[in-house]
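Got a protein on screen and no idea where to look? Let's go through it together, one feature at a time.

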Amino acid sequence: MEYRQTGKIRLRIPPVIFGTSALGNLYAELPDHTKAQIVKECINNLAAPVVFDSAGKYGAGLALEVLGENLKTLGVSPQNVIISNKLGWYRTRLTGPEPTFEPGAWIGLKNDAEQRISYDGITECWEQGNQLLGGKYKPSMVSIHDPDEFLSAAINETERIKRFDQIIEAYKALSDLKREGKVDAIGVGAKSWKVIRAIAARVDLDWVMFANSMTILRHPSDLMEFMAELHRAEIGIINSAVFHAGFLTGGRFFDYVPIQPDCSENIALFEWRKKFFTVCEEFRVLPAQACVSFAMTPPGVISIALNTSDPDRVKENVTAVMTTVPAEFWEEMIKRGLLNTEYPYLP
């Protein structure tokens with residue numbers, strides 16, 4: 001497996017990072033043995049260090065707990081694992097029938113969570129996250145979780161400016177953690193790449209994580225220009241949600257929302273997927289392999305974050321990262337109008 005230059009991160013980041021939202025009961029409450037097998041397969045199918053991406057928001061901290069418990073049970077050395085913790089959500093007591101954050105998304109939780117985006121709030125999330133991991137394993141990569149969603153909750157421009165200032169204060173806490181040697185790298189992850197750009201203009205970042213942004217379906221030229229700027233600044237790029245929440249591999253969710261071909265926009269998405277599947281079949285390329293291979297093409301992309309609730313899919317995800325898709329496939333994708341004809345990084 002080819003490791004790419006990580007620039008400012010100064011960590012050995014493999015080409016695939018394992019997401020952990022399934023460990024926090026996203027959309028389904030997996031049995032404990034299934035979660036244990038997922039972690040085991042991640043460890044067994046990739047050379048150390050293995051990187052896990054988690055968050056206090058994932059199951060109100062459940063994902064962090066499950067990850068720490070299973071790494072300990074497997075006897076994994078802390079030196080052989082890198083944990084990225086997205087901070088900003090703090091576990092609280094569950095007082096109703098279901099959590100108050102993202103109703104319907106997290107199943108069978110025994111706790112709730114509240115958002116804390118401030119200097120002190122991020123410090124509290126950092127400390128709680130370490131406790132949930134069990135003390136033996138500590139995150140070496142940290143970020144603020146979904147700052148774009150925090151900003152979009154503003155009711156007017158004045159409040160949006162105030163919230164952006166809160167985000168910058170939160171990043172001061174992360175910068176202090178790095179200065180004190182408690183973490184190795186700070187970054188930002190968001191579904192809105194323009195929010196990432198705004199934060200990168202104010203914060204000294206080591207890495208960024210794009211979600212639902214740079215994919216085989218969407219790769220706008222202005223985003224590509226920003227990614228080139230990041231690459232020149234040696235800021236590592238992690239690409240995530242490259243299947244648009246599973247839609248591009250046949251799922252019913254698109255960007256985490258279930259969709260049907262019931263409007264012109266959705267009809268276009270289903271039609272694009274149908275044509276995409278046809279090209280994949282003709283060239284005997286799995287849709288997941290095409291999605292991952294494309295997501296790795298821009299200079300500066302060091303890794304793809306992939307998530308699964310099925311232990312048997314872990315090895316497939318690793319294989320997808322290592323698979324080379326033939327140049328003729330991309331030529332056909334362009335010919336059928338499925339890729340931007342000006343995309344500069346295809347082999």
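What follows is a short chat about pockets, cavities, rings and cysteines.

Q: What kind of model is this, and how are residues numbered?
A: This is a predicted model, where local features need pLDDT of at least 70 and side-chain atom pairs count only at pLDDT 80 or more, while totals for chains, interfaces and linings use all residues. Residues are numbered from 1 along each chain as its sequence is written, and side-chain values use heavy atoms, with hydrogens and water left out.

Q: How do I read empty space, and how much of it lies in the largest pocket?
A: Rolling a probe the size of a water molecule over the atoms shows where empty space is left. On a 1 Å grid over the protein atoms alone, a pocket is an open set of points with protein on both sides within 12 Å along at least five of seven lines, a cavity is a set where a 1.4 Å probe fits but cannot get out, and lining residues have an atom within 4 Å of a point. Points are joined across faces, edges and corners, and a volume is the space filled by probe spheres set on them. Here, the largest pocket holds about 1,200 Å³.

Q: Which residues lie nearest the centre of that largest pocket?
A: Of its 44 lining residues, Ser21, Leu26, Ala245, Tyr256 and Asn307 lie nearest the centre. By class, the lining has 20 nonpolar, 13 polar and 11 charged residues (Ala, Val, Leu, Ile, Met, Phe, Trp, Tyr, Cys and Pro are nonpolar; Asp, Glu, Lys and Arg are charged; the others, Gly among them, are polar).

Q: And how many cavities are there?
A: The count is three cavities of 30 Å³ or more, and the largest has a volume of about 50 Å³. Its lining includes Phe18, Ile38, Cys42 and Phe52, and splits into seven nonpolar, five polar and no charged residues. Helix H1 (32–44) and strand S1 (16–19) each supply at least two of the lining residues, with H1 giving the most, three. (Helices are DSSP runs of H or I, at least four residues; strands are runs of E, at least two; both are numbered from the N terminus.)

Q: How do I read a pair of rings?
A: A pair of aromatic rings is described by the distance of the centres and the angle of the planes. Rings of Phe, Tyr and Trp (its six-membered ring) pair if their centres lie within 6.5 Å; planes under 30 degrees apart are stacked, over 60 edge-to-face, and the rest tilted. This model has 16 aromatic pairs. One of them is Phe101 with Trp106, tilted at 6.3 Å centre to centre and 35° between the planes. Phe329 and Trp330 have centres 5.0 Å apart and planes at 80°, so that pair is edge-to-face. Phe329 and Trp330 also belong to an aromatic cluster with Phe283, Phe294, Tyr343 and Tyr345.

Q: Are Phe329 and Trp330 buried or exposed?
A: Both are buried (buried is under 20% relative accessible area, exposed over 50%, partly exposed in between, with a 1.4 Å probe and protein chains only). Phe101 is buried too, at 4%, and so is Trp106, at 5%.

Q: Last one: how many disulfides are there?
A: A disulfide is a covalent bond between the sulfur atoms of two cysteines. With the cut-off of sulfur atoms within 2.5 Å, the count is zero. Cys125 is buried at 3% relative accessibility, whereas Cys263 is partly exposed at 31%.
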